[in-house]
Amino acid sequence: MIFLKNKIVLRVINSDYLFEVAENFEKEIIFEEKNVKVTVPEGFYTDMASVPKALWFWIAPFGKHQEAALIHDYLYANSGLLLGLERKLTRKESDQLFYEIMKKDGTNKVKAKIMKWSVNLFGWLFWEKIEK
């Protein structure tokens, strides 16, 4: 079992960096000018940040962006539905929330912008297609 900052608890599923959320993960965020507690439930599968291995020297699956990555993976797997939000988000809104959480959590600005640009450009390949 892997314990990450801010109580993300993951179980390793395989050596290709696939993990299972071992305990519900909750995070307070500001969404549409309201404080909201969002939840990624136990049992959800994630690769954290879908970064090709060749680029891990610069953007690894784990880091200050990990909470944003977990929430973003869950949004993508569930068509924009996230426990705690009052409505489904569009893919564009999901990508923007990913970026906003990264900025709030202290991710390097250049990395955050590149990661947001990457999901804007390639996210359509994965929207609703991630295993639950």
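**View 1. Just past helix H1, the chain turns at Ser 79 with a positive phi.** In this predicted model, Ser 79 comes after H1 and has a phi near 55°. That is a positive value in a residue other than glycine. For context, most residues other than glycine have a negative phi. Ser 79 sits in the loop between H1 and H2. Is this loop residue buried or exposed? Ser 79 is buried, because its relative accessible area of 18% falls under the 20% cut-off.

**View 2. Glu 32 also has a positive phi, this time between two strands.** The loop here joins E4 and E5, and phi of Glu 32 is near 50°. Glu 32 isn't glycine either. Its cover is another matter: Glu 32 is partly exposed, with a relative accessible area of 46%, while Ser 79 is buried at 18%.

**View 3. Helix H1 is mostly covered.** Zoom in on H1 and you'll find twelve of its twelve residues buried. The list takes in nonpolar residues such as Leu 70, Ile 71 and Leu 75, but also Gln 66, Glu 67, His 72 and Asp 73. H1 reaches 16 Å from its first C-alpha to its last, close to the 16 Å expected at 1.5 Å a residue.

**View 4. The largest nonpolar core has 35 residues.** Which members touch the most others? Those are Val 40, Leu 70, Ile 71 and Leu 82. At least two core residues come from each of these strands: E2 (8-14), E3 (18-21), E4 (25-31) and E5 (34-40). The same goes for the helices H1 (66-77), H2 (91-104) and H3 (109-122). H1 gives the most to this core, with eight residues. As a general point, nonpolar side chains tend to be buried together in soluble globular proteins.

**View 5. A closer look at Val 40 and its contacts.** Set aside the neighbours within four places in sequence, and Val 40 is in contact with Val 21, Glu 23, Asn 24 and Phe 25, as well as Leu 70, Ile 71, Tyr 74 and Leu 82. Among these partners, Leu 70, Ile 71 and Tyr 74 are buried residues of H1. Leu 70, Ile 71 and Leu 82 are also listed with Val 40 as the core members that touch the most others.

**View 6. Ala 112 is tucked away in helix H3.** Ala 112 is buried, with a relative accessible area of 0%. What is Ala 112 in contact with, leaving aside neighbours within four places in sequence? The partners are Tyr 99, Met 102 and Thr 107. The C-alpha atoms of Ala 112 and Met 102 are separated by 6.3 Å, with the two residues ten apart along the chain.

**View 7. Trp 117 belongs to a nonpolar patch on the surface.** Trp 117 shares helix H3 with Ala 112, but here the side of the story is exposure: Trp 117 has a relative accessible area of 52% and counts as exposed. Val 110, Ile 114, Leu 121, Phe 122 and Phe 126 join Trp 117 in the patch. Together the patch residues have about 590 Å² of accessible area.

**View 8. Stepping back to the protein chain as a whole.** There are six strands and three helices, and from the N terminus on the order is β-β-β-β-β-β-α-α-α. Of the 132 residues, 43% are buried. The accessible surface comes to about 7,800 Å², with 56% of that belonging to carbon and sulfur atoms.

Definitions and conventions: Residues numbered from 1 in each chain as written. Predicted model: local features only at pLDDT ≥ 70, side-chain atom pairs only at ≥ 80, totals over all residues. Heavy atoms only, no water. Helix = DSSP H or I, 4+ residues; strand = E, 2+ residues; numbered from the N terminus. Buried < 20%, exposed > 50% of the residue type's maximum accessible area, 1.4 Å probe, protein only. Areas by Shrake-Rupley, 256 points an atom, 1.4 Å probe, with all protein chains shown as cover. Core = buried A, V, L, I, M, F, W, Y, C linked by side-chain atoms within 4.5 Å. Contact = heavy atoms within 4.5 Å. Patch = residues over 30% accessible without salt bridge, like charges linked within 9 Å, V, L, I, M, F, W, Y side chains within 5 Å. Salt bridge = Lys/Arg side-chain N within 4 Å of Asp/Glu carboxyl O. Expected span 1.5 Å × (residues − 1).
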